[in-house]
Amino acid sequence: GTTVYITTTHICTFIVIVSIMVLAVFARRSVLKTKDAPSKFATAVEIAIGTLLNFVNGTMGKAGKKYVNYVGTLFLFVFFSNISGLFGLRPPTADYGTTLCIALVSFIMIQYAAVRYQKWGYLKGMFEPIFLFFPINVISEVATPVSLSLRLFGNILAGTVMMALYYGMLPIFAKIGIPSALHIYFDLFSGAIQTYVFCMLTMTFVADKRNVEA
């Protein structure tokens, strides 16, 4: 008696996930087959992995190696979702349900790091500088996933709406050539920036809870 709706977001998210899985399989095979002279694709994969390691370790310090897999997966999913508009899809991150779920996963990781490494000091910190600040500190913690999700959602949705208005309102002769430049800005450039910001904030919050100097 319950109706299950399959929305555009579900379909586009599925396409993004499958694309990442296919890319991962090809990347693994390409690297494993490398013997003497790596292919261009294998070289690109190695460079990407090295860049990811430097990115995470540079932000989180020695603790970074524990979070490389998560940050890498997060980066790929958010980035592919953001730029999916280049391929005619509606970016899954233009749906708040998607960005909120991603932010909640990061939030759980942040709170887990706080409880594990600060233990009772984390609970004590909720009452600092005085116990009257407890509600404010709680709101501050809850605001983390809200701010993470809304920032990503707002920026990607704005780009999606702008492109929809452009295609829907302007005459046909104005749609030749110009959309490519707009897609590069709204989908590629803005999508890459928002991916970087989301991952950077996640790592910064986790590092802060671990008392690791970022």
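# Close-up views of a helical protein

The protein carries 16 positive and 8 negative side chains, and the centres of these two sets lie 7 Å apart. Keep in mind throughout that this is a predicted model.

**View 1. The whole chain is built from helices.** Welcome to the overall picture: the protein has 7 helices and 0 strands. Reading from the N terminus, the order of elements is α-α-α-α-α-α-α. The C-alpha trace spans about 65 × 55 × 45 Å along the principal axes of the protein.

**View 2. Inside and outside of the protein.** How many of the 214 residues, as a percentage, count as buried? The share is 35%. The protein exposes about 13200 Å², and 72% of that area is supplied by carbon and sulfur atoms. Sequence-distant partners show up often here: among contacts between residues at least 6 apart in sequence, 72% join residues at least 24 apart.

**View 3. A salt bridge joins Glu-141 and Lys-209.** The structure holds 1 salt bridge. Its partners are the side chains of Glu-141 and Lys-209, which meet at 2.7 Å, N to O. Glu-141 belongs to helix H6 (residues 134–169) and Lys-209 to helix H7 (residues 178–209), so the pair ties together parts that are 68 residues apart in sequence. Are these two residues, Glu-141 and Lys-209, buried or exposed? Both Glu-141 and Lys-209 are buried.

**View 4. Tyr-122 and its neighbours.** Stay with the salt-bridge partners for a moment, and look for Tyr-122, a residue of helix H5. Tyr-122 counts as buried because its relative accessible area is 14%, and the cut-off for buried is under 20%. Which residues does Tyr-122 touch, once its neighbours within four places in sequence are left aside? They are Gln-111, Ala-114, Val-115, Glu-141 and Lys-209. Glu-141 and Lys-209, the two residues of the salt bridge, are thus in contact with Tyr-122 as well. Tyr-122 and Lys-209 are 87 residues apart in sequence, yet their C-alpha atoms are 8.4 Å apart in space.

**View 5. Leu-123, also in helix H5.** Move along to Leu-123, which has its place in helix H5 (residues 120–125). Leu-123 has a relative accessibility of 40% and therefore counts as partly exposed. To get a sense of scale, compare Leu-123 with Ser-106: the two are 17 residues apart in sequence and 20 Å apart in space, C-alpha to C-alpha.

**View 6. Cys-12 and Cys-101 stay unpaired.** How many disulfides does the model contain? The count comes to 0. Cys-12 is in no disulfide, and the nearest cysteine sulfur, in Cys-101, is 16 Å away. Why does Cys-101 have no bond to Cys-12? The sulfur of Cys-101 is 16 Å from that of Cys-12, its closest cysteine sulfur, and this is too far for a bond, because a disulfide needs two cysteine sulfur atoms within 2.5 Å. As for its surroundings, Cys-12 counts as buried, at 5% relative accessibility.

**View 7. Phe-14 in helix H1.** Phe-14 sits in helix H1 (residues 8–32). Is Phe-14 buried or exposed? Phe-14 counts as exposed because its relative accessibility is 57%, and the cut-off for exposed is over 50%. Thr-43 makes a handy reference point: Phe-14 and Thr-43 are 29 residues apart in sequence, with 28 Å between their C-alpha atoms.

**View 8. Leu-165 in helix H6.** Our last stop is Leu-165, which lies in helix H6. With a relative accessible area of 43%, Leu-165 is partly exposed. How far apart in space are the C-alpha atoms of Leu-165 and Asn-57? They are separated by 41 Å, and the two residues are 108 residues apart along the chain. Helix H6 is also the place of Glu-141, the salt-bridge partner of Lys-209.

Notes. Residues numbered from 1 in each chain as written. Predicted model: local features only at pLDDT ≥ 70, side-chain atom pairs only at ≥ 80, totals over all residues. Heavy atoms only, no water. Helix = DSSP H or I, 4+ residues; strand = E, 2+ residues; numbered from the N terminus. Buried < 20%, exposed > 50% of the residue type's maximum accessible area, 1.4 Å probe, protein only. Contact = heavy atoms within 4.5 Å. Areas by Shrake-Rupley, 256 points an atom, 1.4 Å probe, with all protein chains shown as cover. Lys, Arg positive; Asp, Glu negative; His and termini not counted. Charge placed at Lys NZ, Arg CZ, Asp CG, Glu CD. Salt bridge = Lys/Arg side-chain N within 4 Å of Asp/Glu carboxyl O.
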